[in-house]
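Thanks for coming. I will show one structure and go through its sheets, its helix contacts and a few backbone details.

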Amino acid sequence: MKPVDLFVDILLPLPLKGTFTYRVPQLLQSQVKFGVRAVVSFGRNKFYAGMIVNVHNTPPTQVEVKYITEVLDETAIISEQQLQLWQWMADYYMCTLGEVMACSLPAGLKLAGETQVMIHPDFSGDLSYLTENEILVIEKVAKKSPISLGEISKSVQIQKIIPLVKSLVKKQILIVEEEIHERYKPQKEVVVSLAEKYATQEQALYQLLDDLEQSKTTEKQAQVVLAFLTVLQKKGITKNYTATVPKKELLENKSVSASSFQSLVKKGVFVVHEVVASRLVDIREQTDAEEIVLTAPQETAFQEIKKCFREKNVSLLHGVTGSGKTEIYIKLIQEVLQSGKQVLYLLPEIALTTQIVNRLRKYFGDKVGVYHSRFNEFEKVEIWNRVLDKQEKNGELRKYQLILGARSALLLPFHNLGLIIVDEEHDGSYKQMDPAPRYHARDSAIILSQIHQAKVLLGTATPSLESFYNVSNHRYGYIPLMQRYADSKLPTIWIVNMVETLRQRKGNAIFSQFLIDQIGEALKKKEQVILFQNRRGYALRMFCNACQTMPTCRYCDVTLTYHKKSNQLKCHYCGYAIEVPAYCPTCHSLDVEMKGFGTEKIEDSLAELFPEAVVQRMDLDTTRSKTAYQKIIQDFEQHKTDILVGTQMVTKGLDFDRVSVVGVLNADSLISFPDFRSFERAFQILSQVSGRAGRKEVPGKVIIQSFQPEHPALKYVCNNDFKAMYLSQIAERKQFMYPPVCRLIKLTLKHKDENLLNRAAEVLSGKLREAFHQQVLGPEFPIVSRVQTYYLKDFWIKFPKNKLLVQEKMELEKIILEFRQQIPFKSVQIVINVDA
């Protein structure tokens, strides 16, 4: 019987359109299936781990078809629903399916490639014409072939090994090839259990202990058995001792000697074996969510949500800050988990997951998994497998039913979602800017819910205009919750006119005297303070009074920010840094000073004003480590910190019971930013940071410092009047045709040659205007017109919200493809950002 030809369509994690067809060798035909990874050769001597998305018998049209070389998985590592989401994201956000795959898969599920070096089979052995270093390399390779480049470099102690190897390859003395290997390896742990006879028969166990205790030579062995039973009893196991104990934990007991333990293993009392161990922290103790008693307003909102879910798939819970939205979420989660379905709980910031995860684990124990960018690659793979419910061999890892995470958690392989909660749905952090796919997690979550036939609850105190526009058009359900939990009052808000403050010398450029007095009063009462400044670093720029210039980044068109701790001027776009010069780099004048202030300078100033207070800073500089968020938040929760200074991290949903004063040090940086969303975002950020004050029995005060005290956004914040803000902004958006009234696609052209970029922008502008007419804005240089040596130019294209959007996107893709094929502009990069 003639063997059947089998083919697979492979998705590669590359920015290339479509999939690629490969032939399956006879030996691997039983292993190929949807969702498993296969190793394939692609291009010139390159190997990748691709995803099998289709198995079929249809030969491709091309003459030569390569074979897959290896199948890496026994079972699928993605779900079919996940692939549907990937396809939608690729289509909607105008990127490739491979880019979505590369963004979704944890690094631990991608293969690592390593260049291996071998002696060329035709090498004659003649070394007479080679250099001393080349001979050293050949001798090393001859001793151990194949050998990696890293091993060669280390053994011959030559750092720049690649030019040497390339030279020897050209001379046909060496050959190189890529060896690929699986990066993820399950973590193993050696565990100990009692032999079945002693684990299940109490009488036999007691007899064993009696026998061991009667002899001085085996007395220590009895102590080992007792130590083992003690560990089990601490875990609540008092009979049927079949459970395991980590060997390391047992041997750490002072009464346990390694020799006595080994003797018991030899006697067959203990059985030692390896199991897959979790890299993550599991908490199994939990409290029943039934114990949560909702207040009357919360219960009304809870019932209204369930009613809305019967009519609509997406609902917006509009609850003021401190209204107790989390308790409602927990009740909803409990109902979904009891039905056997999964829940995804999205948060905009990693800092928020730190605080909320403890509350959720209290009720749902080890059903809760957390996923965000601070986990290492192997921890991410374990979470991935536990969401997919993929069990490792010999493992006892429980599956996750509730996943809490930032936007990347959306891309996990869910198979049975029942509910998605998008908390703080208005937050801009849900939008990914780089790399592709430049997706919005809130909007993608709604598509994911449709794929799983699940429900979506959007929660916030300050809804995005997009979400409230959908409420107004009856696309979403709407549940208002306008009363704070336990009848606590919304904080009192003061606007401080900084023009008058400086004119009357009532304070300084950072603190008004009014704010200083309020902080002092709060500290006397042992209350806490949060101060918000949307700039990190010490000073915003170094300024020369003689020539009026400022040091700028070598690679970006931005001034350098002064960081006092490292004594450097740093670029916040590319990381370029220089030592702080003693004089002006341009004119060499000594008349230089630091202008502006960031969180680092605020921290220093507070130490002078309130030397007894404990001050902590929460910004990108202080939260780079995995546990830094947790430590800062825990210290503040436990009242070890008196004043918390931070950037936007402190504005988002954090819940502290002793905060009585919140200070916004410079509101103007928010309300004056040149962006059509700046008014909306200023209102949201200022309202959110205000909501951190007075959340429990302590009354709250909010002091907002501004040089524009009459600005309408500040008035809406003072009156907590979201509706008025929405009506004013939506009227403006309708007048000038901006989202949510239309769709907006941003194109950014990038090139290192400014003149070539300008020519390219001019050519593309003509093509775009020919197709889309008045819908095109630009090209214009952005505020920061050069980043990491690349000059930038932006186009903005407005598309009406109608059924023609798909066709117009196809037309746009066609124009971009034709433009990229023009020889002068092939090197010009184009970044497409849908819903920018």
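I start with a strand pair: β1, residues 7-11, and β4, residues 47-56, run antiparallel and are joined by five bridges. Phe7 has His56 of β4 opposite, and Val8 has Val55 of β4 as its bridge partner. Before going on, I should say that this is a predicted model.

β4 has another partner. Strand β3, residues 37-41, pairs with β4 over five bridges, also in the antiparallel sense. There, Ser41 stands opposite Phe47 of β4.

How do these strands fit into a sheet, and in what order? The order is β2-β1-β4-β3-β5, in an open sheet of five strands with antiparallel pairing. At the edges are β2, residues 20-23, and β5, residues 70-71, each of which pairs on one side only.

Now the other sheet on my list. As a reminder, strands of a sheet pair through backbone hydrogen bonds, and the sense is either parallel or antiparallel. Here the pairing is parallel, in an open sheet of six strands ordered β19-β29-β28-β20-β27-β26. Which strands stand at its edges? They are β19, residues 492-497, and β26, residues 615-618; each has a single partner strand, so one side of each is left without a neighbour in the sheet. On average, and with direction ignored, neighbouring strands of this sheet are turned by 15° against each other.

Inside that sheet, take β28, residues 659-664, and β29, residues 701-706. They pair in the parallel sense over four bridges, and Gly663 of β28 stands opposite Ile703 in β29. A helix packs on this sheet: α22, residues 678-690, touches β19, β20 (528-532), β28 and β29. The direction of α22 makes about 155° with that of β28.

Next, helix against helix. Two packed helices are described by the angle between their axes and the distance between the axes. I have three pairs to show.

In one pair, helix α1, residues 80-92, packs with helix α15, residues 441-452, at an angle of about 140°, and the axes are 10 Å apart. That angle makes α1 oblique to α15. The crossing of α1 past α15 is right-handed. From α1, the contact takes in Gln81, Gln84, Leu85, Trp88 and Met89. From α15 come Asp443, Ser444, Ile447, Leu448, Ile451 and His452. By class, the contact of α1 with α15 has six nonpolar residues, four polar and one charged.

Another pair is α3, residues 132-143, with α5, residues 161-170. Their axes come within 10 Å and cross at roughly 80°. The two helices, α3 and α5, are therefore roughly perpendicular to each other. Which residues make this contact? On the α3 side they are Asn133, Glu134, Val137 and Ile138, and on the α5 side Ile161, Leu164, Ser167 and Leu168. Five of the residues in the contact of α3 with α5 are nonpolar, two are polar and one is charged.

The remaining pair is α7, residues 202-213, with α8, residues 219-234. Here the axes come within 7 Å and cross at roughly 145°. α7 contributes Leu205, Leu209, Leu212 and Glu213. α8 contributes Glu219, Gln221, Ala222, Val225, Leu226 and Leu229. The contact of α7 with α8 divides into seven nonpolar residues, one polar and two charged.

Now the backbone details. Most residues other than glycine have a negative phi, and most peptide bonds are trans. Where does the model depart from that? Pro739 and Pro740 are joined by a cis peptide bond, with omega about 10°. Pro740 sits in the loop between α24 (722-736) and β30 (742-751). Gly778 and Pro779 are also joined by a cis peptide bond, and omega is about 10°. Pro779, by contrast with a loop position, lies in a strand, β31, residues 776-780.

As for phi, His474 has a positive value of about 65° although it is not a glycine. This histidine, His474, lies in the loop between α16 (465-472) and β18 (477-481).

Last, confidence. Averaged over the chain, pLDDT is 88, and 94% of the residues score at least 70. Where does pLDDT stay under 50? It does so over residues 392-396, for which the model has 13 contacts beyond four places in sequence. That is the end of my list.

Key. Residues numbered from 1 in each chain as written. Predicted model: local features only at pLDDT ≥ 70, side-chain atom pairs only at ≥ 80, totals over all residues. Heavy atoms only, no water. Axes fitted to C-alpha atoms, helices over the stretch in contact; angles between N-to-C directions. Parallel < 35°, antiparallel > 145°, perpendicular 65-115°, else oblique. Left-handed = near helix turned anticlockwise from the far one by under 90°. Contact = heavy atoms within 4.5 Å. Nonpolar A, V, L, I, M, F, W, Y, C, P; charged D, E, K, R; others polar. Pairing = 2+ DSSP bridges. pLDDT = per-residue confidence, 0-100.
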